[in-house]
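Me: I am a first-year student, and I would like a close look at one small part of this protein. Please show how that part fits into everything around it.

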Amino acid sequence: MKKRMRFAFTAVFMCLLFSCSKETVNQEDIPVAVNMVAVENDLLQLVNQHRNTLGYPGLSFSAVAYDYANAHTDYMISTGTLSHHNFSARASQITSEVNARAVAENVAKDYSSAEKALEGWLGSEAHRKTMEGDFSHTAVSVKQDANGNLYFTQLFYLQ
C-alpha cells in the first residue's frame, strides 16, 4: 500500500512539474532567432515617416521595449503562430521599468519586407490606430524562422 501511495504521489508530482500552458512558458525553453536589423530599422523609419506625414511626432527608440519585443518575437516563432499572448504582462513590466502611461503592440507574420508589413498594418484599422496613437517611444523586432518566414513585434509606449 505504501508503494502505491508513493507511486501515486510521484506520478502527480511529475505531472505538475512537467505541465505548462501558453501563459506559463519558460522563456529559457524558447529558441532565440537572429534579428533582421535592416528590416527593423526600415520599419521604424517607415512608421515615423507615416506619423510625420500626419503631423504626429516621430517615436524615439526604446531599448527596454526592444528587449520585450524580441522576447515576444522569439515566442511567436517557437509556437509558429501570430499572437498577443502575455501582452498584459509585457505592458505591466514596461510600465514598471519606464513609468509608461500607456503601452500597445502590433504583431505581424509572413510579410517579406518592412514596406509590406507597414502596408498590412495600415490596412488594418486597429493596427493603424496603434501606429498613429499618442505614444512617445517604440521598438521593432523582426526575426526569421528556420523556414525563412519573418515575424514582427512592435511595442509602443507613452512616457
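Leaving aside its neighbours within four places in sequence, which residues is Arg51 in contact with?

Reply: Happy to help! Counting that way, Arg51 touches Tyr56, Pro57, Leu59, Met131, Glu132, Gly133 and Phe135, where contact means heavy atoms within 4.5 Å. Before going on, note that this is a predicted model, in which local features need pLDDT of at least 70 and side-chain atom pairs count only at pLDDT 80 or more, while totals for chains, interfaces and linings use all residues. Residues are numbered from 1 along each chain as its sequence is written, and side-chain values use heavy atoms, leaving out hydrogens and water.

How confident is the predictor? On the pLDDT scale, which gives its confidence in each residue from 0 to 100, the protein chain has a mean of 85, and 81% of its residues reach 70 or more. Take care with residues 1-25, where pLDDT stays under 50. For that stretch the model has six contacts beyond four places in sequence.

Back to Arg51, which lies in helix α2. Helices (H or I, at least four residues) and strands (E, at least two) are DSSP runs numbered from the N terminus. Arg51 is buried yet has no salt bridge. Here buried means under 20% relative accessible area, exposed means over 50%, and partly exposed is in between, using a 1.4 Å probe and protein chains only. A salt bridge needs a side-chain nitrogen of Lys or Arg within 4 Å of a carboxyl oxygen of Asp or Glu. For Arg51, the nearest side chain of opposite charge is Asp134, 6.1 Å away; in this count Lys and Arg are positive, Asp and Glu are negative, and His and the chain ends are left out.

Helix α2 also holds Asn48. With 14% relative accessibility, Asn48 counts as buried. Beyond four places in sequence, Asn48 is in contact with Gly58 and Leu59, and Leu59 is also one of the residues that Arg51 touches.

Another contact of Arg51, Glu132, does have a charged partner: its side chain meets that of Arg128 in a salt bridge (3.6 Å, N to O). Glu132 counts as buried at 17% relative accessibility, whereas Arg128 is partly exposed at 27%. A search of the whole structure finds five salt bridges. One of them joins Lys129 to Glu125, with their closest N and O atoms 3.1 Å apart. These two residues are four apart in helix α6 (residues 125-131), which puts about one helical turn between them. A further salt bridge links Asp74 and Lys143 (2.9 Å, N to O). Asp74 is in helix α3 (residues 63-79) and Lys143 in strand β3, so this pair ties together parts that are 69 residues apart in sequence. Both Asp74 and Lys143 are buried.

What does helix α2 add to the interior? The largest nonpolar core has 20 residues, and Leu43 and Phe152 have the most contacts inside it. Such a core is a set of buried Ala, Val, Leu, Ile, Met, Phe, Trp, Tyr and Cys residues joined through side-chain atoms within 4.5 Å. At least two residues of this core come from each of α2 (37-53), β2, α5 (114-122), β3 (137-144) and β4. The largest share, five residues, is from α2. Apart from this core lies another, of twelve residues, including Tyr68 and Tyr157.

Finally, the strands. They form an open sheet of four, in the order β1-β3-β4-β2, with mixed pairing; two strands pair if DSSP finds at least two bridges between them. β1 (60-61) and β2 are at the edges with a single partner strand each, so one side of each has no neighbour in the sheet. β1 and β3 run parallel, joined by two bridges, and Ser60 has His137 in β3 as its bridge partner. β2 and β4 (residues 150-158) run antiparallel, with eight bridges between them. There, Val107 stands opposite Thr153 in β4. Strand β2 (residues 102-109) is mostly covered, with six of its eight residues buried.

Methods:
pLDDT is the predictor's confidence in each residue, from 0 to 100.
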